[in-house]
Each structure stands twice: as structure tokens, then as C-alpha cells.
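Dear colleague,

I am handing over the structure we spoke about, and below it you will find my notes on what turned up in it.

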Amino acid sequence: ITAVDAFTYLAEGSITSVVPNAGTSNANEDPVVIKGSRLLGGGERITTVEFAGVEGFVVSSSDTEVQARPFEGPDGGGAGDVVLTSDTGVVVRAPGAWTYSSINSITPDSGQRGTVVDITGVALFAGGSEVDEVRLGGVIVSNVVSANETHIRVIPGTENVVEDQIG
């Protein structure tokens with residue numbers, strides 16, 4: 001038995017970029033932009049998006065671009081796939097394309113001007129290329145000594161704090 005023109009075998013979709021590729025939940029920031037080809041898998045829209053195993057919110061979708069917001073990730077951060085599922089059930093996956101950022105430790109946990117403070121964690125640039133701002137106890141620290149994706153060292157120096165700031 002043969003059914004003519006009863007099934008269309010679709011070429012696989014692919015994700016070519018995820019920008020930014022790391023961060024936390026970003027309900028108040030710009031959405032993550034996922035670009036590629038054949039992202040809708042022959043469908044009309046993306047129904048679910050996952051960031052490292054955590055479902056997110058689809059803002060908009062087309063065959064070449066999806067905008068989405070990740071929901072809160074796991075404590076301690078973590079890396080994983082970006083997964084798009086269309087209304088046809090087709091799945092397009094980018095292995096290891098997302099990392100949830102996390103601060104794992106701040107040492108010491110209190111201090112004054114001149115205290116060397118080390119911040120360690122995962123994806124501390126949150127998908128960017130540098131530190132935009134560091135706050136300790138809600139106070140902006142102006143002296144970032146060194147910074148990479150897993151370690152930031154700061155020395156509070158010019159900040160004027162007249163009473164204890166907890167945060």
C-alpha cells in the first residue's frame with residue numbers, strides 16, 4: 001500500500017547563535033535571541049523553549065529567529081542545551097549553548113574600604129565580555145582589580161558608606 005504525497009520529510013533545523021549565551025532569569029531585560037534556520041520545523045510557531053533543562057517564555061518566533069526569556073535557573077548555575085519545540089512537535093537543539101550564571105561565594109562576606117573581595121561563580125559575565133558593574137551591600141564598587149567568567153576581584157576604595165549596608 002502506498003500513500004502518495006501523504007508525508008513530507010523536512011530538512012533538520014539548526015541553531016547558529018544564542019545571544020547572550022549565559023545569564024539568569026531576565027524578565028526585565030532584553031530577551032535572548034536564538035538564530036538559525038528552519039527553527040519552526042514546518043510549523044507556525046515555537047511552543048516551548050528550554051535553557052539548560054529549564055523552560056523559558058517564548059516572546060516571538062519565526063523560522064530564522066526566536067526571542068525568549070529564561071526562567072530562574074538552578075542554584076549554583078549550570079550549562080546545558082537550548083531546545084526549541086514547534087507546534088508540529090519538531091525539536092531543534094543546540095548542545096551546550098546556554099549557561100545559567102551564579103555567584104557561588106563572596107569572600108570575605110563583610111569589610112570596609114581597602115578590603116580585597118573575591119567573588120567566585122559560574123558565567124559571571126552573564127553572556128557578556130566584561131563586568132558592567134559590581135555592587136557589595138547595594139553599593140557600587142569602582143575598583144575592579146581583575147575579572148573573568150569564574151572569578152572577580154574588587155577592592156572597595158572610594159565608596160562613601162556611613163552606615164552598614166546589607167545585601
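Which residue meets Glu 133 in a salt bridge through its side chain? The partner is Arg 135, and the N to O distance between the two side chains is 2.8 Å. Please bear in mind throughout that this is a predicted model, and that the values below are computed from it. As for the surroundings of this pair, Glu 133 counts as partly exposed because its relative accessibility is 46%, and Arg 135, at 48%, counts as partly exposed too, since the buried class ends at 20% and the exposed class begins only over 50%.

Salt bridges across the chain

The count of salt bridges comes to four, and I describe two further ones here. Asp 118 forms a salt bridge with Arg 153, with the closest N and O atoms 2.7 Å apart. Asp 118 belongs to strand β10 (residues 117-122) and Arg 153 to strand β14 (residues 151-154), so this salt bridge ties together parts of the chain that lie 35 residues apart in sequence. The two partners fall into separate accessibility classes: Asp 118 has a relative accessibility of 18% and therefore counts as buried, the limit being under 20%, whereas Arg 153, at 32%, counts as partly exposed.

The other salt bridge joins the side chains of Glu 65 and Lys 35, for which the N to O distance is 3.9 Å; since the criterion asks for a nitrogen within 4 Å of a carboxyl oxygen, this pair is included in the count. Here too distant parts of the chain are linked, with Glu 65 in strand β6 (residues 65-70) and Lys 35 in strand β3 (residues 32-37), 30 residues apart. Glu 65 counts as partly exposed because its relative accessibility is 26%, and Lys 35 is likewise partly exposed, with a value of 39%.

An open sheet

Strands β10 and β14, which carry Asp 118 and Arg 153, also take part in an open sheet of four strands, whose order is β9-β10-β14-β13 and whose pairing is antiparallel. The edge strands of this sheet are β9 (102-107) and β13 (144-147), each of which pairs on one side only. Neighbouring strands in the sheet are turned against each other by 15° on average, with direction ignored. Between β9 and β10 the antiparallel pairing runs over five bridges, and Ile 103 stands opposite Gly 121 in β10.

Backbone points to look at

Most residues other than glycine have a negative phi, and most peptide bonds are trans, which is why the following places may interest you. The peptide bond from Thr 107 to Pro 108 is cis, with omega near -10°, and Pro 108 lies in the loop between β9 and β10. A cis peptide bond also leads from Val 19 to Pro 20, again with omega near -10°, and Pro 20 has its place in the loop between β1 (14-19) and β2 (22-23).

As for positive phi values outside glycine, Asp 5 has a phi of about 55° and lies in the segment before β1; because its relative accessibility is 79%, Asp 5 counts as exposed. Ala 52, found in the loop between β4 (46-51) and β5 (54-61), has a positive phi near 50°.

With kind regards

Key. Residues numbered from 1 in each chain as written. Predicted model: local features only at pLDDT ≥ 70, side-chain atom pairs only at ≥ 80, totals over all residues. Heavy atoms only, no water. Helix = DSSP H or I, 4+ residues; strand = E, 2+ residues; numbered from the N terminus. Buried < 20%, exposed > 50% of the residue type's maximum accessible area, 1.4 Å probe, protein only. Pairing = 2+ DSSP bridges. Axes fitted to C-alpha atoms, helices over the stretch in contact; angles between N-to-C directions.
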